[in-house]
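Visitor: Before we start, could you take me through the reasoning behind the labels, rather than the labels alone?

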Amino acid sequence: MRRVSGISTLAFLLLPQHLVVIDPPGPVSLAAAPVLAAAPVSVTVLRGNVARNGTLEKAIGDVLTPRGVYDLVRVARPIYDLARLSVGNAFDVTVGAEGLLAFSYVIDELRTLQVRRNGDGLEAQLHTKSYETRTESAAGLITSSLFGAVGEAGEEPQLALDLAQIFEWDVDFNTELQKGDSFRVVVEKMYLDGRFSRYGPILSAELMRGERAIRAVRFTGSGRPEYYTPEGVPLRKTFLRSPLKFSRISSRFTRARFHPILKRFRPHLGVDYAARAGTPVRAAADGVVTQAGWHGGYGKVVKLRHGRGFQTLYGHLSRIKVRRGQRVEQGELIGNVGSTGLSTAPHLDYRTLKDGVFVNPLTIQPPPPEPLSAALRPAFEEVRSHALALLDAVEAPGVQRARLTAD
């Protein structure tokens, strides 16, 4: 309960999930006490969070009339449409005898809508914050997984996902990481009010696999930002190493595998990735959907046609997210892992064809990417020098993280 000076009338009403406080709208002077004692002024303050399937009228209709809600929406609309409320976002409303006195709604962590009474009318304002960007570094030694190493380095799982996305053309994170591999990374971090909020872009990174170091530098050329080797070759390849981000191989490409359902040996001309039902399946490369539906023992299947005679097939899906004839980009969601068709458990049957012949997806050699043009080399070399200098300053994996100061 908030204390005020002077005479006050206080009451509490308990509504579902909300505490409504009725009290004077601020400190009351002693000189005004006789007047307020004769005709006390009270306001209602309602604070809460948007419920699932919530609307503004459901949220504040107990303290504000339908006409008051309408006026609030109308005044706010040029800044923000209050018909678009997000579940869990905070709001508060203050109502007096004359109607709405103040309203606020947290749109996101950077924006808050505020509506206040100004004389006989209402006015709306958008209050914004900005991130403080810090350049920091982390390093870790892999003992079980990239997620585990990132967590032991004191970082959030999102950083592991971002690292995996950078190196996914060179490393199959389902099969190729080994104990003793390591990573180093320089990344921008976004802070609000002195507290970490989220990761910005990774500026440079290194993944050590045995004696091989794979390094990445972020550079924006003529299009979107991409990651390049120090020599200026894009890390993005024609094909992903795996259509699943994290899983494990349960069956490899072979000419003779014992089928668990048919109970006989037969070729298995693909790779099976064991994963939970519903796991997102991504297009391994840019292409066109040539098949999307049921296909015998494959169950629900998607088949894509790529350039230079390549095709990929994704079998036993639980859901299909594309349609025949649709063009898809590398990494785009095309379906979800399932167990349809001749399958004993949820997994993805992933197959690759070259000129109509099945080939091992783990050993194909897709066409190399195009290097940076000569016109972009000077700008890239300047960015590379700075990014790699920051990366080389990162202490070896397994030691306490170093803090880098942004230039």
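**Paired strands and a pocket**

Guide: Please keep in mind that this is a predicted model. Four bridges join S11 to strand S12 (residues 225-228), and the two strands run antiparallel.

Visitor: How do you know that S11 and S12 count as paired strands?

Guide: Pairing requires at least two bridges found by DSSP, and four bridges join S11 to S12, so the two strands pair. One of these contacts sets Val 217 against its bridge partner in S12, Tyr 228, and a hairpin of four residues connects S11 to S12.

Visitor: What makes S10 a partner of S11?

Guide: Strand S10 (residues 195-209) is joined by six bridges to strand S11 (residues 212-220), in an antiparallel arrangement; at least two are required, and therefore S10 and S11 pair as well. Glu 206 stands opposite Arg 215 in S11, and in the hairpin of S10 and S11, with two residues between the strands, Gly 210 has a positive phi near 65 degrees.

Visitor: Why are Arg 224, Glu 226 and Arg 236 called lining residues of the largest pocket?

Guide: A lining residue has an atom within 4 Å of a point of the pocket, and 35 residues are counted as lining this one, with Trp 169, Arg 224, Glu 226, Arg 236 and Gln 330 nearest its centre. The pocket holds about 930 Å³ of space, and helix H5 (157-167), S10 and S12 each supply at least two residues of its lining.

Visitor: How many of the lining residues are charged, by class?

Guide: The lining has 13 charged residues, beside 15 nonpolar and seven polar ones.

Methods. Residues are numbered from 1 along each chain as its sequence is written. This is a predicted model: local features need pLDDT of at least 70, side-chain atom pairs count only at pLDDT 80 or more; totals for chains, interfaces and linings use all residues. Side-chain values use heavy atoms; hydrogens and water are left out. On a 1 Å grid over the protein atoms alone, a cavity is a set of points where a 1.4 Å probe fits but cannot get out, and a pocket is an open set with protein on both sides within 12 Å along at least five of seven lines; lining residues have an atom within 4 Å of a point. Grid points are joined across faces, edges and corners, and a volume is the space filled by probe spheres set on the points. Ala, Val, Leu, Ile, Met, Phe, Trp, Tyr, Cys and Pro count as nonpolar, Asp, Glu, Lys and Arg as charged, and the others, Gly among them, as polar.
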